[in-house]
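Dear colleague,

Here is the structure I promised to pass on to you, and below it you will find what turned up when I went through it. Please keep it open beside you while you read.

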Amino acid sequence: MCVVRKGPNHGAAPIPEEGKWVKAREIRDISGLTHGIGWCAPQQGACKLTLNVKEGIIEEALIETIGCSGMTHSAAMAAEILTGKTLLEALNTDLVCDAINTAMRELFLQIVYGRTQSAFSEGGLIIGASLEDLGKGLRSQVATMFSTKAKGVRYLEMAEGYVKRIALDADDEVCGYEFVRLGVMMDLIKKGTDANEALAKATATYGRFKAEQGAVKWIDPRID
């Protein structure tokens, strides 16, 4: 066997990490914040996972799930498991729920290929940055809509919050809605505000909700 000398030896291609170009050779060379989704094997549930990684260590994790009720408990366990582990450890750890495991796999690919949200942010994002996705009320921004052919659409939950009433125009089409910022309301109640007063302070509207704006009918999406 004739030995042929290897000529090229330029190392890894650099990837963008927190405002720097890094030739990643070891897991400690990886940093960044990103989020992504995963799904369970029967595709009946999903997880949105956010990780903030510093020098290969998961310093922060935000886990949001939708699907079977057991996923919420799985998320609680995974949240305790993830932080403090290296990316490689987390990838090879049972995170309880198939959807969370899949999300971890997808995020691993983003992070090690330099596709993070903080790739070009000098110094990256501070620990706690992922909470901004939840807003000041620290609640997942979930959309829950229901519709039937016979009765039409019902808005139940929007990014803004819990929908109290839907406004309809003269053509019986949705033109606005009233919502409650549940996180804000609960914060007020915890501070001693009367529940009804807290509800009023946390209530707002979107679109043409008032009569002078063209609304002619208001319905409760859970009753009417």
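In this predicted model, the largest nonpolar core has 24 residues, and among these Leu49, Leu51, Leu82 and Met104 touch the most other members. The elements that each give two or more residues to this core are β4, β5, α1, α2 and α3, and the largest share, seven residues, comes from α3. A useful residue to look at is Leu49, which, once its neighbours within four places in sequence are left aside, is in contact with Thr34, His35, Gly36, Leu62, Ile63, Leu82, Ile100, Ala103, Met104 and Leu107. There is also a second, separate core of eight residues, including Met158, Leu168, Phe179 and Ala204.

The sheet comes next. Strands of a sheet pair through backbone hydrogen bonds, and the pairing may be parallel or antiparallel. Here, three strands form an open sheet in the order β3-β4-β5, and their pairing is antiparallel. The edge strands are β3 (32-39) and β5, each of which pairs on one side only, and from one strand to the next the twist averages 15°. Between β3 and β4 there are eight bridges in the antiparallel sense; if you would like to find one of these in the model, look at Ile37, whose bridge partner in β4 is Lys48. The helix α3 packs on the sheet, where it touches β3, β4 and β5, and its direction makes about 140° with that of β3.

Within β4 you will also find Thr50. Its relative accessibility is 1%, and because a residue counts as buried under 20%, Thr50 is placed among the buried residues. Apart from neighbours within four places in sequence, Thr50 is in contact with Leu33, Thr34, His35, Glu60, Ala61, Leu62, Leu107, Ser130 and Asp133.

Which way does α1 run as it lies across β4 and β5? Its direction is at about 175° to that of β5. The helix covers residues 70-82, and at 1.5 Å a residue its 13 residues should span 18 Å, which agrees with the 18 Å found between its end C-alpha atoms. Its buried residues are Met71, Ser74, Ala75, Ala78 and Leu82. Seen down the axis of α1, these buried residues fall within an arc of 105°, so they line one face of the helix. On the other side of α1, by contrast, His73 and Glu80 are exposed. What covers the buried residues of α1 includes β4 (46-54), β5 (57-66), α2 (87-91) and α3 (98-112). Just after α1 comes Gly84, which takes a positive phi of about 95°.

From α2 I would pick out Leu91, which counts as partly exposed because its relative accessibility is 30%. If neighbours within four places in sequence are set aside, Leu91 is in contact with Met104, Arg105 and Phe108. Leu91 and Glu106 lie 15 residues apart in sequence, while their C-alpha atoms are 9.8 Å apart in space.

A second helix with a listed set of buried residues is α4, which covers residues 182-190 and in which Gly183, Met185 and Leu188 are buried. The cover over these residues includes β9 and α5 (195-201). After α4 comes Gly192, and its phi is positive, near 105°.

Finally, I would ask you to look carefully at two backbone angles. Most residues other than glycine have a negative phi. Where, then, is Val96 found? Val96 is in the loop between α2 and α3, and its phi is near 80°, a positive value in a residue other than glycine. With a relative accessibility of 36%, Val96 counts as partly exposed. The other residue is Asp172, which has a positive phi of about 60° although it is not a glycine. Asp172 is found in the loop between β8 (162-168) and β9 (174-180), and with a relative accessible area of 48% it is partly exposed.

With best wishes

Notes
Residues numbered from 1 in each chain as written. Predicted model: local features only at pLDDT ≥ 70, side-chain atom pairs only at ≥ 80, totals over all residues. Heavy atoms only, no water. Helix = DSSP H or I, 4+ residues; strand = E, 2+ residues; numbered from the N terminus. Expected span 1.5 Å × (residues − 1). Buried < 20%, exposed > 50% of the residue type's maximum accessible area, 1.4 Å probe, protein only. Arc of directions from axis to C-beta. Contact = heavy atoms within 4.5 Å. Pairing = 2+ DSSP bridges. Axes fitted to C-alpha atoms, helices over the stretch in contact; angles between N-to-C directions. Core = buried A, V, L, I, M, F, W, Y, C linked by side-chain atoms within 4.5 Å.
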